[in-house]
Structure formats: C-alpha cells, structure tokens
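Okay, thanks everyone for coming. I'd like to walk you through one model today, so have a look at the screen and then we'll go piece by piece.

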Amino acid sequence: MTANRITLNLGDTGITGIEETGRPGMPLLVCLPGGGYNASYFDVPGYSLMDAARREGFPVVSLDRPGYGGSTALKGEISFRRNAQVLQEAITELWHRQLPNAPGIVLVGHSVGGAIALHLAAGDRTWPLLGISVTGIHHESRRSNEALKSAPPGSSMEFSREHLLRFMYGPEDTHDPGVLDLAKHTESPVPVAELVEVAGQWGTDFAGIAAKIEVPVHYGLAEHEGFWHSSDASVAAFGNAFTAAPSVTARRVLGSGHNIDHHYVGAAFHKEQLDFARGLVSPAQ
C-alpha cells in the first residue's frame, strides 16, 4: 500500500481517497468501491488494482464515496443519484489537477460503486469520459429489500465475517482465506439506504440509465454471486441494455465471488481492465 492520501474540498463537502501518479498520456482511472468498503478496497496488499495500474503507468485514484472514510456524508437523500452528483464535482477537481497530463478518464466501479459509476456515465459531466469498467452489479437481484425498509432512516450496518464469506467471497478454493484479514482495513459501515436501493429501485432504473451511456463498457459478474443472478444469459442481458455504447464486453468471471478483486482470478481480471483502459486511447492521442 504505497498510495498517497488526498482530500478534495468541494465547499462544505470533502471527498477523501488515495492516489498513485502515472505517466503523461495515460488515462486517469477513477475507482469507486462498493457498499461496506472504503477507498482501500482497490489497494489490498497482493490484490491491488492500484499497484497493477501503477506498474503499467496509469494515474489512478480510488475515492471514499460520501459517508465513507473521511468523506462527508450525504445530507437528506441518500441515493445513487446523489452520490453521483457529489462525485461528479469531486472528479472535476481531479481532472483539473491532471490537465494536461491525461487524455481522459476511465471509471472503475464495484458493486454499489458500479451502479453509481453508471449514473455518472449516463449523466452530464464536466470532464471527458473515455469508458467504464464495472463489476459486481446487475439488475436481477437474488435478495429482497423488504426486511431492510423498516430500518431507521439514515442508519448504517456492518457486515460480519459470516456475511462477508457468504456474500462477498466464493467457495474456499477461489480465494486465500487470509485475504479477509488483509482487507479488514477496507471495511466500513454501509448506509442501509444503499442496500435498499440496490435490491429494489436500482433494478427498475437500470435500463434507462444504461441506454444513455455512449462510451465503451467493460463488465464482469462473478460466477459465485451472493447478490445477483449470475448466468451467461443474465450477463448477456445486462450487456445488451447498453444500446448507445459503441462497444460492450460482458462476461462471467469464473472461479470468483462478488469481490472479484480479492480472489485468485483478481490479478488476471485487473490486467483485463487495464488492457481495456489502454485500448481507449488511440496512438494519436
């Protein structure tokens, strides 16, 4: 973990994160972690997308979403839409810091962070988006949100080790059991509102969001998903929703649970993501 801590000041809101510098001319990777994880999700020793990106010369930033790490929590509505509004401003600040070093931005989102990245890609932006790579998100949930709806507004919960093993990781032969201890520092309480939305309204909103995305899409869904219906047909259906994207790569990631990054196959998948990002920059750029 060699990444540097950063703070982006947006008036009365602060967004924290970690960053690695890269070579001029390489796309800036902006990573958004999922529910229950802070920015260090992408920088677990031995399973770090940030380290892999640094070795390849990419500048990369992983952000604490609102309410995570040192980032200011959302006031009032806690939703993916509001996350995207705040993060759009934060990424604008990042982009101003990169000029003129990077040709554009590639969003990398995991789980809830993937849903928010899709909101960002579908909305108005003040920075150039080259493409988006998302994992751990789908539109067909295996879980109901009914039990969570009775939780007090604005409340949060922490995942137990049992929950992590059940929902975030695949069978024992897909990951080193020690990775949970290595990733302990990346865990954060998750706003219940995020879990309610991801298992409810998100499934209704997805198609309309996907249809507005006009950049290349890279997508992976774990074979052993605890949250989503994972099959070749369901992954194809997800990819087919991006009707305006110039290209879509969508596949199941075999031998992995929800947190693809922290499994044995994680390093190979990171290479795939970096190859995707590199391919978005033409030699002329």
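Let me start with a small one: in the hairpin of strand 1 and strand 2, which residue takes a positive phi? That's Gly 11, with a phi near 70°, and the hairpin has 2 residues between its strands. Before I go on, keep in mind that this is a predicted model.

So, staying with that hairpin. Strand 1 and strand 2 run antiparallel and are joined by 7 bridges. If you want a pair to click on, take Asn 9, whose bridge partner in strand 2 is Gly 14.

Now strand 2 itself, residues 13-20. Strand 2 is mostly covered, with 8 of its 8 residues buried. Looking along strand 2, Thr 13, Ile 15, Gly 17 and Glu 19 point one way, while Gly 14, Thr 16, Ile 18 and Glu 20 point the other way. Yes, Glu 19 and Glu 20 are both on the buried list. Strand 2 also has strand 4 as a partner: 4 bridges, running antiparallel. There, Gly 17 has Leu 63 as its bridge partner.

Okay, zooming out to the whole sheet. We've got an open sheet of 8 strands with mixed pairing, and the order is 1-2-4-3-5-6-9-10. At the edges sit strand 1, residues 4-10, and strand 10, residues 248-257, and each of those pairs on one side only. From one strand to the next, the twist averages 20°.

Let's go to strand 3, residues 28-32. Which strands does strand 3 pair with? One is strand 5, residues 105-110, which runs parallel to strand 3 and is joined to it by 5 bridges. Leu 28 stands opposite Ile 105 there. Another is strand 4, residues 60-63, again parallel, with 3 bridges. On that side, the bridge partner of Val 30 is Val 61.

And is strand 3 covered or open? Mostly covered: 5 of its 5 residues are buried. Leu 28, Val 30 and Leu 32 go one way, Leu 29 and Cys 31 go the other, and every one of them is buried.

Over at the other end, strand 9, residues 217-224, runs parallel to strand 10, and 7 bridges join the two. The pair to look for is His 218 with Thr 249 in strand 10.

Right, helices. Helix 3 covers residues 112-122, and 11 of those 11 residues are buried, so helix 3 is largely enclosed by the rest of the structure. The buried residues include Gly 113, Gly 114 and His 119.

What packs on helix 3? Helix 2 does, residues 80-98, at an angle of about 70° and with the axes 9 Å apart. The two helices are therefore roughly perpendicular to each other, and their crossing is right-handed. From helix 2, the contact uses Phe 80, Arg 81, Asn 83, Ala 84, Leu 87, Gln 88 and Ile 91; from helix 3, Val 112, Ala 115, Ile 116, His 119 and Leu 120. By type, the residues of that contact divide into 8 nonpolar, 3 polar and 1 charged. So His 119 turns up twice in my story: it's buried in helix 3, and it's part of the contact with helix 2.

That's my tour. Happy to rotate things on screen if anybody wants another look.

Conventions: Residues are numbered from 1 along each chain as its sequence is written. This is a predicted model: local features need pLDDT of at least 70, side-chain atom pairs count only at pLDDT 80 or more; totals for chains, interfaces and linings use all residues. Side-chain values use heavy atoms; hydrogens and water are left out. Buried means under 20% relative accessible area, exposed over 50%, partly exposed in between (1.4 Å probe, protein chains only). Two strands pair if DSSP finds at least two bridges between them. Axes are lines fitted to C-alpha atoms, for helices over the stretch in contact, and angles run from 0 to 180 degrees between N-to-C directions. Angles under 35 degrees count as roughly parallel, over 145 as roughly antiparallel, 65 to 115 as roughly perpendicular and the rest as oblique. A crossing is left-handed if the near helix is turned anticlockwise from the far one by less than a right angle, and right-handed if clockwise. Contact means heavy atoms within 4.5 Å. Ala, Val, Leu, Ile, Met, Phe, Trp, Tyr, Cys and Pro count as nonpolar, Asp, Glu, Lys and Arg as charged, and the others, Gly among them, as polar.
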